[in-house]
Structure formats: structure tokens, C-alpha cells
Amino acid sequence: MTGEADRLGLHPLRRFAPYAAYKDTGVQWLGAIPVHWEVKPLKTALIRNDSGVWGDDFDEDGSIVLRSTEQTADGRWKIAEPARRRLSARDAASARLSVGDLIVTKSSGSADHIGKTTIVDTRIAAMKCCYSNFMQRLRVSADHVPRFFWYFMNSRAGREQLVMSSSTTTGLGNLNGSILASTNFPLAPPAEQRAVANFLDRETAKIDALVAKKERLIELLREKRTALITRAVTRGLDPNVPMKDSGVEWLGDIPAHWEVKKTKFAAALRSGHTPSRQKAEYWKDCTIPWFGLADVWQIRDGHVEEVHETAEKISEIGLVNSAANLLPMGTVILSRTASVGFSAVLGVDMATTQDFVNWTCGPTLQPTYLLYVFRAMRPELRRLTMGSTHQTIYMPDVARFSTPVPPLLEQDRIVGFIRKETTAIDTLLTKIGQAIDLLNELRTALISAAVTGKIDVRQATTVRGTARTRPGAPRSRSAPQ
């Protein structure tokens, strides 16, 4: 990891000098700050600290009211379908956002979201947005720099303070205006606030650009992985083999010596079920693994072939007194409701919930080959999915599934080819994911170091990926890290 950071020239603490002198704040989480900085309650910098509004009902001509769900955990806006609400003229005027306003999530069941803070830019202000009552607006006075506060509130130190300060009610973290107002902040002089904000704008933009490139590479590799599987299970491995029309739209042409069968004729189709929750005896002495939607995370990325563990188990008496089936190892399962289209092979005997359809392969079909057929069917499964809120593929559509059936030896070769090629892609995906994690860690460390004064960025510039600080700046080993 360190080698990668050095190669990228992005290590935040090696590149930049500390300040010449520090003082102890007496605040454990903050430690020492530059001698000319201060620690003050946030309220000393605020001219507004108020809650938002929600209004009465949806109104297509009403005011846009931003919600906490439109704030990302790292403090950015992600607005897809803004809510329009009917507000009184007074509420609309009171909650209208201006450039530089800081919007804080006040209530959340997740520590990742409590205290997340976004800043209003010209785009948001031009939309004449308001904000909901689950959020708090902080507006700093004209002699402070809002972006400095935004960076601090989304830094590791800032978020930890907000999470710790939040009270707990029925599992929810809660902040309010008083808590926020009393939160201690390290305050640099205004000109220095601007220097820190400008520096972080530049440096985080570079890191974000690198992350975006790597994320795009991940997208391309995933597309390549999907295309490889689809081509192998529908065209085979011989590019010169004669082809024929399969008669199935999503399949297209297949090798002439292959068959096409209704999947239910090549594999026994069984549904899952949930024993009655009203019968306590069905849920005692549970020993039978029971795969449900709570287990889909294991197979969501499409890299895992076999599953062995489940979040819940059912009892033998519950199995006997329900429509659930004990499915043999090697059964291929496919989620058909809510999280639609995720598939796996059972590595042990188990049952499933009714959210899955299950196929036990007959003598002409190899389970792992059928698994890859289902993964190649993802676009077709999306086409068959019905419902916007409760998505599902109905059983009559499931019963009409068709699958290409090569000779068994060819199925084995196709599975071996897919495993070899996807393993290479997955290894590369893992490395890129680790690089992204590193870049995000560097971004977090850089922000924290700058907004707490651990590095001096007032005259920092970047030359060919290497930082240059003001001439003569000391690089003390004893400076706070």
C-alpha cells in the first residue's frame, strides 16, 4: 500500500511540512494545533442555525425540498428525483438555501449517515431549493469560509465528534441545533481557512479523478466478464463451429450440435417456502440451512459459485409442515423477488425461502454450467421482472425459461474456461478495488491533516506530482501526526 501511495505521489504527511509551532488544545481528539489557531464552539462562527421544513403534500409545481437521502456519506449531493412539496410562503422563504449553506443530517440509524454535511453550491441555489426537517442548516458569518467548515465536518475528526455527540432514541442517532452549536472546532484565521479550502479543492480533485478512472476500469472489466460468460454458454468455445437459430430470442444462434430445452425439462423445478412464524415449534432446534434474501449479499457480485452458510435455519418439523423443500447439494438457486436475478449452487443440502426458484439438474445438465446460463440471462431476467416497488418474476415466466444444452463434456470445458478467465479478471478487480480504497484513505487523511493544522498548506504547490512548501519550512519529526 505504501509503495502504491509513493508511486502516486499522494502520501499526505510526507509531502507537506508541519507548522513551525504548536500548542496543546486540551481536547483529546484534536491534540495540538498551530499556535495561532483557536478552538471555539461552532456557534461563534454562525449567523444561522435552523431546522428545515417538509410541507403538506406532493405538489408538482411546489418547492424542491432536499432530503437527507440525497446526501452521500462523504458529504456530496446525489439528487435524482427531487421532492416537490407544497409550502407556505413563509416556510419557503425561511428554508430557501443560499450558496455556502451547510446542511447537516440530524437523524439516522447509521453512524455512516448521522452528521453527514453537504454544502450548497450555485447549482443548488439556482434551483431555489429548501431542505427537510430531518436536516439542520448552518450558515457561517461573512468573515469565515464555508468550505473550510464543510471539509472539517466531513473529516474523520469532525464526523467522529458529531456521531459521539448525537443522542440515542430507539436506536436512532439524533443531533439538534444546540448540540451542533456547542461542538468545538479548530478555527484557523479566515485567510488560512481559504488557503486550506483551496488546497483541499485541488488535491481532492486529483484523487477523485484517479478514483473515477479506476471505477471506470472496474465497469469495463465487469462488462468484459459478463460478455465472456454469455458468449461461452451461448456460443461455445470453438469460433468455427456451425451455428443454428435457437428459436429463443435472448439466445440467438447457438452451435448446431447443441440442444435447446425448457429448463424445467432438464432440471427439476422447485420453489422455496417459509414455515409459519406463528408456530413456535417450527422454529425450535433449527438445524437445516435456509437461504433467503438476507443471504443474497454472498452472491450479489457474481463471483461466488457455491454457498454453504445461511443467516437463518429451520427445523425438521417446520420443513415437514410447510411447502419448503430440502434441496440436495448441487441444486441451482435463483432469486426471483426483491433482489431479482442472483444465482448460486448449493454447496450443502438446504432449503430456501419463497423468494427463490430452485433447479435440481438432471443427467444432461451440469449444475455450474446452468449457474452460468442464469448469469448470462441477467438482461432477460430484468425484462421479465414485474413491479416497481415489489419486484418479482412470476412462476409462469419461470416455467418458460429455456436453456442451451451442449454435450456434458463440452459443458465441463466451458465451465473450466469461464473459471480460468474470470479468476484472472477477478484478481485484477481486487487489485483495483484495493487501489481505490487506498486513494480514499489518502483523501481522508489529507483532509483531516489539513483542517486540524497537522500540515501547513498555505503556500503549497504541486510540481510534477511532488509538493513544494514555502522555502525554509521546517520538517520537524516531533510535529503532531
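## Two Buried Phenylalanines

Phe148 and Phe149 are both buried. This description rests on a predicted model. Two aromatic rings are compared through the distance of their centres and the angle of their planes. For Phe148 and Phe149, the centres are 5.9 Å apart and the planes meet at 85 degrees, an edge-to-face pair.

A second pair follows along the chain. The ring centres of Trp150 and Tyr151 are separated by 4.8 Å, and because their planes stand at 50 degrees, this pair is classed as tilted. Trp150 and Tyr151 are both buried as well.

## Helix H5

These four aromatic residues are among the buried residues of H5, together with Phe152 and Met153. How much of helix H5 is buried? Of the eight residues in this helix, which covers residues 146-153, six are buried, so the helix is largely enclosed by the rest of the structure.

## The Aromatic Network

In the whole structure, a search finds 14 aromatic pairs. Ring pairs join several residues into a cluster: Tyr19, Tyr22, Trp29, Trp37, Phe148, Phe149, Phe152 and Phe185. Phe148, Phe149 and Phe152 of this cluster are also buried residues of H5.

Aromatic rings take part in another kind of arrangement, with charged side chains. Arg277 places its charged end over the ring of Trp283, at 4.0 Å from the ring centre. Arg378 lies over the face of Phe342, where the distance to the ring centre is 4.6 Å.

## A Buried Loop Residue

Helix H11 (367-376) and helix H12 (378-384) are joined by a loop that contains Met377. Is Met377 buried or exposed? Its relative accessible area is 1%, and because the cut-off for a buried residue is under 20%, Met377 counts as buried.

Which residues does Met377 touch, apart from its neighbours within four places in sequence? Met377 is in contact with Trp250, Phe401 and Ser402. Tyr151 of helix H5 lies elsewhere: the C-alpha atoms of Met377 and Tyr151 are 44 Å apart, and 226 residues separate the two along the chain.

## Cysteines

A disulfide is a covalent bond between the sulfur atoms of two cysteines. How many disulfides does a search of the whole structure find? The search finds zero. Cys129, for example, is in no disulfide, and the nearest cysteine sulfur, which belongs to Cys130, is 7.6 Å away. The cut-off for a disulfide is a sulfur pair within 2.5 Å, so this distance does not qualify. Cys129 has 0% relative accessibility and therefore counts as buried.

Definitions and conventions. Residues are numbered from 1 along each chain as its sequence is written. This is a predicted model: local features need pLDDT of at least 70, side-chain atom pairs count only at pLDDT 80 or more; totals for chains, interfaces and linings use all residues. Side-chain values use heavy atoms; hydrogens and water are left out. Buried means under 20% relative accessible area, exposed over 50%, partly exposed in between (1.4 Å probe, protein chains only). Rings of Phe, Tyr and Trp (its six-membered ring) pair if their centres lie within 6.5 Å; planes under 30 degrees apart count as stacked, over 60 as edge-to-face and the rest as tilted. A charge sits over a ring if NZ of Lys or CZ of Arg is within 6 Å of the ring centre and within 35 degrees of the ring normal. Helices (H or I, at least four residues) and strands (E, at least two) are DSSP runs, numbered from the N terminus. Contact means heavy atoms within 4.5 Å.
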